[in-house]
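Work through the exercises below with the sequence and the model at hand. Each task is followed by a solution in steps.

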Amino acid sequence: MAPTIARVAVPVPVPSLFDYRVPFDRPVTPGCRVRVPFGRGHRTAVVVELADATRCPDERLKDIAEVLDEAALLGLDDLAFLVWAAAYYHHPVGEVIATALPLRLRRGRAAEPPGEPGWRLTDSGAAAWRNPPTRAPRRQAILAALADAGGALGRRVVAERFPTGGDALRVMRRAGWILDCRMPALPDPLDTGMPPGPVPNPGQLDAIASIRGLMSGFGVALLDGVTGSGKTEVYLHLAQTALAKGRGVMVLVPEISLTPQLERRFRARLGETVRVLHSGLGDSERESAWHRLRLGLSRVLLGTRSSVFTPVADLGLVIVDEEHDGSYKQGEGFRYSARDLAIVRGKRAGCAVVLGSATPSLESLRHALDGRYVHVRLDRRAGTAQPPRVGLLDLRDQPVYGGIAQPMLDRIAATLAADEQAIVFLNRRGYAPVLCCYACGWLSDCPHCDARQTVHRHNSVLWCHHCGRLQRLPQKCPQCGAGELNPLGQGTEQVEDVLAARFPDWPLIRIDRDSTARKGSLEDKLAQIRDATGALLVGTQMLAKGHHFPRVTLVGVLDADGGLFSADFRAAERMAQLLEQVGGRAGRAERPGQVLIQTRYPDHPLLQTLVRQGYRAFAREALREREAAALPPFAHQALLRAEGSDPDAPAGLLEAVAAGLRGTADGVDVWGPVPAPMPRRAGRYRVHLLLQAARRESLHRALRPLPGWIAGLPQARRVRWSLDVDPVDLF
Ligand code: ADP
Ligand code: ZN
Ligand code: ZN
C-alpha cells in the first residue's frame, strides 16, 4: 500500500514538520513541493518524508491541497543535509528548507526546468497520423513533422515551419493528439580547448598534488597562501580534476559583485559550465542556473553564501575562497555559516573541501595545526611579485590634513610621480562620523539608536547607518541655534575631497557602498583603475577584497586604531585580517609594494607583531591567547539575543532563560544577560545572553529544548528573540 502520510516542511517559525494526508490519486515523493492548508490560508511546502502513520488525530489531519512538482526538486541527501542544518542551528526546519529553493519556487510558482517548451505526439496522435480520420493537410503535416523528429519538437521550430499552424495545434491539443512537453536540455560542453593558465610554480604543484590526494574521499585542506600566491590557480586546476571525473564543483566566494574578474577567469578556463549565483541576478536567471546545476547539466557553481544550499549534482569538490570572510555568516534569521556548512556538505558527499585564505580564521588555523585539516601553504607570491614592505606611521606630533599625515601625502606624491597607483584605505564611508556644535556640545546622535548619525556631504544628509534614519544636514545647531556645525573625524568622502585638492592632476577613484550604489558603477570604476596609469584610489573594505590592481604600489591605511581596544574578542583578528588583505593589494606585479599604516599607538603589541612578523605570527599568538582565556575556537558559544520596544522586557526574558539554564545545563557557562554593545537600535532595547561550553555536545544538549521552551514563556510575548549558534559578531 502506498504511504498515506507526508511529513512536510512548512516555512513557519515552528521547529517541527507537519503531517498531511496524501491524496490517493496523487502520489508524492520526498523533495516535491506541495500546497497545504495551514492556519487560515495555504502554504507552499516541501515533502521531507513519507509515513504510514501519524500521531495527528484523524479529525485534525488535512489533505495536501495540490502537488506542485512531478519529480523531486531536492534529493534525499539534500533533504537530510537541510534537516541536519536546521537541527544544528536550532532553526525551524521549514524556513531552512525554504532557503534552499530559488525564490520563484519558494513562492509556489511552477518549476521551469531547463529545456525549451515543445509539443509531443501522443499515441492517439500517432494513430491519427497513420490513418487520417479527417482530410486536414496542415494537421497531417504537423503530425508528420513530429513523428519524423522522433515524437517531439520545440515550439519555436514548429512555429517557424508552420507559421499559420496555430489553429491546427489548438485543435489537435484539444483532441489529445499532442501534449505540451519540455525538450531535453543539453549539458554544457566541457571545454577541453580552453587556453591554459600560467604554468604552475613548484609551490602550486605541491599544493595541487596534496589536495588531489584528498579527492578520493572526504577531507579538508586549508590552503594558507599569502595574497597573490596563486590560490585561484590552484582552485582552477583542482576544479578541472573534478570535472574530468564527471563530478560537480561548488566554489563559494564572499561577494561576486565585487570581483567580476573572478567570474571571467573561471569561465575563461572552465568554459560555459560555470554558473554564477548571486543576489544581482534576476529570479528566472537564478532558477535556471539552479536547475542546471541540480540536474548536472552545468557542473561548476560559483556563488555567494546562500549557494551552499544549491543541490549541485555529484558534488566532487567544494572550495571556499577567503574562508575567513565575515560575509559567510548570515547575520539575521537563519544564522548559518556557509563555510562550516560547506564542510558538512563535503563530508556528506564524500569529497574534498578546500578552504583558501591569506589570513585564515583562527578556527580553521587551529584545525590545520592540530592535523585535522591538511595544511597546505603557499609562502611566496606567484610569478615575480615580491611581498610588500610594511611600516607604521606615528600620527602623534604630525601635521595631519583631513586625517592624512604629511609623510603619507609625501609617499602618495612620490607614487604618483612614478606613474604608479596608491590606495588610501579608510573603513568608514560618508564625510564624517559625527557632526558637532562647539558652542553647546550638541552631537548628531540618532534619536532611535545609541549611535551617531554620519555626515554625508554629497547629498547633504545626516544618516544613521544602523537604523537607516535620514535627515537633512542641519544648517545651524538644533539645540542652541549656533550657525556653525563641525564634522568630527573622517570618512571616505572627506578623504576624497582632501586628496582632490592636493592632487588635482591625477585620476581619483572612490570605491565604497555609496559611490557604487548604481548598477554597473563598480565595474566602471574597476575599468577606470585598470586603464589608468598613475591614479589615487580611496575606499573602504570593498577595495581590500580580492582585487588585482597591478599598478598599485602604495597602500596607505588611515586608521588602524579602531580594532585595538574593542570589547569584542574577535576585533583584533578581524583587524589583522583586514590590514593584511588591504596590504596585499600592494605590489602585485613587477614593482615592489609598500604598506603604510597610520596609528596613534605604534608600540601596541598587536601592530608590532603584524608589522614585524606578519599575519601568521599574529594568528599563532592570538590562538595561544584564546586557549589561555578558554575562548573560541577552544570553546563553543551560542548567543541569545532579545530586543523589544519596552526597555525592561528583553532583559526580563533573558533573566528567566538564564535562571532556567543555570541549574540544568551541565557543562555550559551562562553569561549575562547584559545590554548589547549597542543597547538601543531602531528604537528597540537589545540584550544578550551568552552561552559557552568546552564541548559542543554539552552546548547543543542545552540548546535543543530552548526554542520551544522560550516560545512558551510569558516573558517572550513582547520580545523578539533569536538564537545564534557559533556567533562571529557579538554586536
Ligand atoms: P591569489 O588567489 O592567491 O590571490 P592568484 O591566483 O589570483 O592569487 O594569482 C595572483 C597573480 O599571479 C595573478 O595575476 C595570476 O595570474 C598570477 N599567477 C598565478 N600563478 C602563476 C604562475 N604559476 N606563474 C605566473 N603567474 C601566476
Ligand atoms: Zn549648539
Ligand atoms: Zn539610528
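**Exercise 1.** Count the disulfides, taking a disulfide as a pair of cysteine sulfur atoms within 2.5 Å.

Solution. A disulfide is a covalent bond between the sulfur atoms of two cysteines. Under the distance rule the count is zero disulfides. The model is predicted: local features need pLDDT of at least 70, side-chain atom pairs count only at pLDDT 80 or more, and totals for chains, interfaces and linings use all residues. Side-chain values use heavy atoms, without hydrogens and water, and residues are numbered from 1 along each chain as its sequence is written.

**Exercise 2.** Classify Cys56, Cys440 and His688 by relative accessible area (buried under 20%, exposed over 50%, partly exposed in between; 1.4 Å probe, protein chains only).

Solution. Cys56 has 24%, so Cys56 is partly exposed. Cys440 has 31% and is also partly exposed. His688 has 6% and is therefore buried.

**Exercise 3.** Place His688 in its strand and list some of its contacts.

Solution. Strands are DSSP runs (E, at least two residues), numbered from the N terminus. His688 belongs to strand S31, residues 684-693. Beyond four places in sequence, its contacts (heavy atoms within 4.5 Å) include Leu639, Trp671, Pro673, Leu730 and Phe731.

**Exercise 4.** Describe the sheet that contains S22.

Solution. Strands pair if DSSP finds at least two bridges between them. The order S21-S22-S23 forms an open sheet of three strands with antiparallel pairing. Its edge strands, S21 (454-456) and S23 (470-472), each pair on one side only. Three bridges join S21 to S22 (residues 461-463); Val455 has Leu462 in S22 as bridge partner.

Notes: Chains lettered and ligands numbered in written order. Helix = DSSP H or I, 4+ residues; strand = E, 2+ residues; numbered from the N terminus.
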